[in-house]
Amino acid sequence: YSAFYFLQLVFLIFFHRFVFGNDVTLINFATAASVIMLGVLCYYFMTAIIEIIAFWVDNIWSLGVMMKTFVQFFGGYLIPLSFFPNQVQTFLDYTPFPYFIYYPSQIVLGKLSIPLTQIYGVLGFWTVFGFLVFKILWKKGNRKYTGVGI
């Protein structure tokens, strides 16, 4: 799905440029693309952690839906982050959610209000953290898992 969404982004950026006259620079687009790719990796590990819980419980579908809702709500997809109080906005800057949707769009538009090092640092931290948690859960799950033969 990420490739489809990325192509959609490319189309919308150029549509926005020609309709509204905003200049989208190649540097902004490339920077946003790198943030999006790191965000996709981070989101992958978050999803993998939720999916790997299936080693211990039967129904995990609702957890995946809950995570998607969190990403959409706290990432700026459903409600712009500027509608949240300042304390909530500050807290959200330490979570991975706004780095999936809000900040890549701000980079493309050239309206980024935080340093790029913060974006890469926070996303990098959550990606490495997600990988380590996934690795631990995978080892524990493999010890517990028993397959049933035919």
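1. Secondary structure. The protein contains 6 helices and 0 strands. Along the sequence, the order of elements reads α-α-α-α-α-α. The model is a predicted one, and every remark below should be read as a remark on that prediction.

2. Overall dimensions and surface. Taken along the principal axes, the C-alpha atoms occupy a box of roughly 60 × 40 × 25 Å. The accessible surface amounts to about 10200 Å², and carbon and sulfur atoms account for 70% of that surface. Of the 150 residues in the protein, 29% are buried.

3. Contacts along the chain. Among contacts with a separation of 6 or more, 62% join residues that are 24 or more positions apart. Points 4, 5 and 6 give individual examples of contacts and distances between residues separated in sequence.

4. Thr-31 in helix H2. Helix H2 spans residues 26-52 and includes Thr-31. Thr-31 has a relative accessible area of 16%, and because the limit for a buried residue is under 20%, Thr-31 is classed as buried. Leaving out residues up to four places away in sequence, Thr-31 touches Ile-107, Leu-116 and Tyr-120. Ile-107 is itself one of the buried residues of helix H5.

5. Thr-127 in helix H6. Thr-127 belongs to helix H6, which covers residues 116-144. With a relative accessible area of 7%, Thr-127 is buried. Apart from neighbours within four places in sequence, the contacts of Thr-127 are Leu-38, Leu-41, Cys-42 and Phe-45. A further pair of residues may be set beside these contacts: the C-alpha atoms of Tyr-44 and Phe-131 are 9.3 Å apart in space, with their positions 87 residues apart in sequence. Tyr-44 lies in helix H2 and is partly exposed, at a relative accessible area of 48%.

6. C-alpha separations elsewhere. Tyr-145 is located in the segment after H6 and is exposed, with a relative accessible area of 53%. The C-alpha atoms of Tyr-145 and Trp-56 are separated by 8.8 Å, although the two residues are 89 residues apart along the chain. Gly-121, by contrast, is placed within helix H6 and counts as partly exposed at 40% relative accessibility. Gly-121 and Val-57 are 64 residues apart in sequence, and their C-alpha atoms are 33 Å apart in space. Val-65 sits in helix H3, residues 61-74, and is partly exposed, with a relative accessible area of 33%. The C-alpha atoms of Val-65 and Ala-48 are 13 Å apart, for a sequence separation of 17 residues.

7. Helix H5 and the residue after it. Helix H5 runs over residues 102-109, and its buried residues are Tyr-103, Pro-104, Gln-106, Ile-107 and Val-108. Gly-110, just after H5, adopts a positive phi of about 75°.

8. Nonpolar patch at the start of the chain. Tyr-1, Phe-4 and Tyr-5 together make a nonpolar surface patch of about 470 Å². Tyr-1 is in the segment before helix H1, which covers 2-20. The relative accessible area of Tyr-1 is 82%, and Tyr-1 is therefore exposed, the limit for that class being over 50%.

9. Charges and the positive patch. The protein carries 8 positive and 4 negative charges, and the mean positions of the two sets are 11 Å apart. Lys-135, Lys-139, Lys-140 and Arg-143 form a positive surface patch. Lys-140 is a residue of helix H6. At a relative accessible area of 48%, Lys-140 is partly exposed, and this value satisfies the patch criterion of over 30% relative accessible area.

Note on methods. Residues are numbered from 1 along each chain as its sequence is written. This is a predicted model: local features need pLDDT of at least 70, side-chain atom pairs count only at pLDDT 80 or more; totals for chains, interfaces and linings use all residues. Side-chain values use heavy atoms; hydrogens and water are left out. Patches are made of residues with over 30% relative accessible area and no salt bridge: like charges are joined within 9 Å, nonpolar side chains (Val, Leu, Ile, Met, Phe, Trp, Tyr) within 5 Å. Accessible areas come from the Shrake-Rupley method with a 1.4 Å probe; for residues, only the protein chains shown count as cover. A salt bridge is a side-chain nitrogen of Lys or Arg within 4 Å of a carboxyl oxygen of Asp or Glu. Helices (H or I, at least four residues) and strands (E, at least two) are DSSP runs, numbered from the N terminus. Buried means under 20% relative accessible area, exposed over 50%, partly exposed in between (1.4 Å probe, protein chains only). Contact means heavy atoms within 4.5 Å. Lys and Arg count as positive and Asp and Glu as negative; His and the chain ends are not counted. The place of a charge is taken as NZ of Lys, CZ of Arg, CG of Asp or CD of Glu.
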